[in-house]
Amino acid sequence: MTRLILNQRAVELDDARVPPDMPLLWALRDELGLTGTKFGCGVAACGACTVQIDGQPQRACVLPVAAAAGRQVRTIEGLGTPDKPHLLQRAWIQHQVPQCGYCQSGMLMAAEALLRSNRKPSDADIDAAITNLCRCGTYPRVRAAIHTAARWLREGQPWA
């Protein structure tokens, strides 16, 4: 049995159904029904599968379930809700960041980790932290949304 904390809830995964070497992405999507984390490339290059492990962005397509055992795992489903969106989700909407939207959950998870450690990121800081690929090329809007969210945080607005 593999145990982890998923979006602030204890979860147990049966090793017979979810072998320890299964990529975390497939356990999240296929076994736990959390489909917000996307499959993009399968080689940790695109970032569509980005989740947070103990607050740090990780590519779930190459991370075995065993590596998440006993750790805090956060997916896009744990970031905000339609009724109570996260500060970054509000900034994303304000700047109309998504076009197709496929990469956005991974970008949001990477951006949230960045803002937890740096509330006044420069463009270079953002570019270094957000290595996710976007076919639609919304990078300028991503950067603008992160700057807006960072300003809101500095002004005392809550995360959610």
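This is a guided tour of a predicted model, moving from its sheet to the helices that lie across the sheet, then to the nonpolar cores and the aromatic side chains.

**The sheet**

Begin by selecting the five strands together, which form an open sheet in the order 2-1-5-3-4 with mixed pairing. From one strand to the next the twist averages 40 degrees. Strand 2 (9-13) and strand 4 stand at the edges, and because each has a single partner strand, one side of each is left without a neighbour in the sheet.

**Strand 1 and its two partners**

Select strand 1, residues 2-6, and strand 2, which run antiparallel and are joined by 5 bridges. At one point along this pairing Thr2 has Leu13 of strand 2 as its bridge partner, and at another Leu6 is partnered by Arg9. The two strands make a hairpin with 2 residues between them, where Asn7 takes a positive phi near 50 degrees.

Now show the side chains of strand 1, which alternate: Thr2, Leu4 and Leu6 point to one face and are buried, while Arg3 and Ile5 point to the other face and are not buried. Adding strand 5 (residues 72-74) brings in a parallel pairing, in which 2 bridges join strand 1 to strand 5; here the bridge partner of Ile5 is Gln72.

**Strand 3 and its two partners**

Move next to strand 3 (50-53), whose side chains can be compared with those of strand 1. Thr50 and Gln52 point one way and Val51 and Ile53 the other way, yet all of these are buried. Strand 3 is joined to strand 5 by 2 bridges, and these two strands run antiparallel, with Gln52 standing opposite Arg74 in strand 5.

Toward the edge, strand 3 is joined to strand 4 (residues 56-59) by 4 bridges, again in an antiparallel arrangement, and Ile53 has Gln56 as its bridge partner. This pair also forms a hairpin with 2 residues between the strands, and Asp54 in the turn has a positive phi of about 50 degrees.

**Helices across the sheet**

With the sheet still displayed, add helix 1 (residues 24-31), which lies across strand 1, strand 2, strand 3 and strand 5 and runs at about 105 degrees to strand 3. Then add helix 4 (104-117), which lies across strand 3, strand 4 and strand 5 and runs at about 35 degrees to strand 3.

**Two nonpolar cores**

Select Leu88, Trp92, Met107, Leu115, Ile130, Val142 and Ile146, the residues with the most contacts inside the largest nonpolar core, which has 26 residues. Helix 3 (87-94), helix 4 and helix 6 (139-154) are the elements that give two or more residues to this core. Centring on Ile130 shows its contacts beyond four places in sequence, namely Met107, Ala110, Ala111, Val142 and Ile146. Another core, of 20 residues, lies apart from the largest one and includes Leu13, Met22, Leu25 and Cys49.

**Aromatic side chains**

Finally, select Trp26 and Phe39, which form a tilted aromatic pair, 5.3 Å centre to centre with 35 degrees between the planes. The pair links distant parts of the chain, since Trp26 is in helix 1 and Phe39 is in the loop between helix 1 and strand 3, 13 residues apart. Trp26 counts as partly exposed because its relative accessibility is 28%, and Phe39 likewise counts as partly exposed, at 34%.

The last stop is Arg116 with Trp159, where the charged end of Arg116 sits over the ring of Trp159, 4.4 Å from the ring's centre.

Technical notes: Residues are numbered from 1 along each chain as its sequence is written. This is a predicted model: local features need pLDDT of at least 70, side-chain atom pairs count only at pLDDT 80 or more; totals for chains, interfaces and linings use all residues. Side-chain values use heavy atoms; hydrogens and water are left out. Rings of Phe, Tyr and Trp (its six-membered ring) pair if their centres lie within 6.5 Å; planes under 30 degrees apart count as stacked, over 60 as edge-to-face and the rest as tilted. Buried means under 20% relative accessible area, exposed over 50%, partly exposed in between (1.4 Å probe, protein chains only). A charge sits over a ring if NZ of Lys or CZ of Arg is within 6 Å of the ring centre and within 35 degrees of the ring normal. A nonpolar core is a set of buried Ala, Val, Leu, Ile, Met, Phe, Trp, Tyr and Cys residues joined through side-chain atoms within 4.5 Å. Contact means heavy atoms within 4.5 Å. Two strands pair if DSSP finds at least two bridges between them. Axes are lines fitted to C-alpha atoms, for helices over the stretch in contact, and angles run from 0 to 180 degrees between N-to-C directions.
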